[in-house]
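Reader: I would like to go through this model with you. Could we begin with the terms and then turn to the strands?

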Amino acid sequence: MSTALIIGSGLIGKSFITRFTQAGWEVNVHDIDSDVADEVEQLGATFFSDLEEAAEGVDFVQEAGPEDPEFKQEMFARLAEVTGDGVVLASSSSALLPSLIARDNPAAERVIVGHPFTPVHLMPVLEIVPGPDTSSETTQRAEKVYSELGFEPTTLRKEITGFVGNRIQKAIMWEAIYLVQEGVVTPEELDTIVRNSLGLRYAAVGPFEANRLGGGAEGISAIFEGIASAWADNMPAGEPDLDNLDELFSQVDDAYGADEESFERRETARDEKLRGFNAVISGDADEQTR
């Protein structure tokens with residue numbers, strides 16, 4: 001049986017525990033906070049406060065610690081020392097480049113970013129981001145492991161700040177903030193529009209396939225020669241005022257709450273919807289209705 005080492009037991013770390021254990025892996029968890037030991041072991045993993053003990057004999061490492069360059073560089077330098085040749089050293093970083101994480105690391109060829117989206121235990125996306133020194137063997141091993149965990153991994157052809165998902169998310173979020181600040185819609189109204197338009201569409205097909213279908217039989221060029229050609233001239237991107245967000249934050253808090261009860265209730269509702277979406281996308285829903 002293969003063994004994974006997870007660094008950190010926050011939300012991301014716990015979700016990876018679930019992914020690995022459900023796939024039949026043994027899981028070691030290293031965290032400096034020993035108070036989380038009971039919770040980690042309830043999830044089916046083994047807790048270690050000592051990194052060297054936790055790393056003994058592991059086959060794959062998934063780091064899910066603080067989003068801090070110094071922490072990650074120091075941690076991956078130590079991981080290079082305590083893990084064997086061929087063990088993939090993956091970071092869950094959402095923005096830090098693998099070349100930065102692996103700087104001056106003797107095991108740079110084994111360092112990679114495996115960036116998930118929250119909630120990790122339900123979202124099938126995972127971006128594999130190799131650095132310039134990452135070996136093809138490391139990338140191939142990561143693809144195999146993440147696929148085994150139930151992800152649909154995509155390997156980026158080169159590293160870029162923010163990777164792909166977060167760069168797209170930023171573009172959408174900045175426009176959303178701008179529209180609310182301009183008084184065009186409220187946060188709730190914007191969420192309704194996105195959820196019932198792009199949200200549904202992109203759950204079925206991505207942007208390029210959507211535009212191919214929007215162009216009819218002629219394909220994507222038809223829609224760009226028609227509707228989309230006017231966007232560049234008539235629809236410049238909005239520029240949100242990021243220095244004055246207090247009013248926006250208040251609107252969002254009023255709409256969705258800012259307390260433990262509202263968080264747990266909305267998180268549960270979101271996860272139930274995601275399970276349903278995943279069942280439909282994977283075809284499980286069709287099987288269940290036969």
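Author: Certainly. A residue is called buried when its relative accessible area is under 20%, exposed when that value is over 50%, and partly exposed in between. Please keep in mind that this is a predicted model.

Reader: Good. How many residues of strand 6 are buried?

Author: Strand 6 spans residues 111-116, and six of its six residues are buried.

Reader: And which residues lie on each of its faces?

Author: V111, V113 and H115 lie on one side, with I112, G114 and P116 on the other. Both faces of strand 6 are covered.

Reader: Which strands pair with strand 6, and in what sense?

Author: Strand 5, residues 88-91, pairs with strand 6 in the parallel sense over three bridges. Strand 7, residues 125-130, runs antiparallel to strand 6 and is joined to it by five bridges. In general, the strands of a sheet pair through backbone hydrogen bonds, either parallel or antiparallel.

Reader: Which residues stand opposite each other there?

Author: Towards strand 5, V113 has S91 opposite, and V111 is the bridge partner of L89. Towards strand 7, G114 stands opposite I128.

Reader: What is the strand order of the sheet?

Author: The sheet is open, has eight strands with mixed pairing, and follows the order 3-2-1-4-5-6-7-8. Strand 3 (46-48) and strand 8 (152-155) each have a single partner strand, so one side of each is left without a neighbour in the sheet. On average, neighbouring strands are turned by 25° against each other, direction ignored.

Reader: Which helices lie across strand 6?

Author: Helix 1, residues 11-22, is one of them; it also lies across strands 1, 2, 4 and 7, and runs at about 170° to strand 1. Helix 4, residues 69-82, is another; it lies across strands 1, 2, 4, 5 and 6, at about 165° to strand 5.

Reader: Changing topic: which residues form the nonpolar patch on the surface?

Author: V164, I168 and I172 form that patch, with about 250 Å² of accessible area together.

Reader: Where does I172 lie, and why can it count towards a patch?

Author: I172 lies in helix 7, residues 165-181. Its relative accessible area is 43%, so I172 is partly exposed and passes the patch requirement of over 30%.

Technical notes: Residues numbered from 1 in each chain as written. Predicted model: local features only at pLDDT ≥ 70, side-chain atom pairs only at ≥ 80, totals over all residues. Heavy atoms only, no water. Patch = residues over 30% accessible without salt bridge, like charges linked within 9 Å, V, L, I, M, F, W, Y side chains within 5 Å. Areas by Shrake-Rupley, 256 points an atom, 1.4 Å probe, with all protein chains shown as cover. Salt bridge = Lys/Arg side-chain N within 4 Å of Asp/Glu carboxyl O. Helix = DSSP H or I, 4+ residues; strand = E, 2+ residues; numbered from the N terminus. Buried < 20%, exposed > 50% of the residue type's maximum accessible area, 1.4 Å probe, protein only. Pairing = 2+ DSSP bridges. Axes fitted to C-alpha atoms, helices over the stretch in contact; angles between N-to-C directions. Contact = heavy atoms within 4.5 Å.
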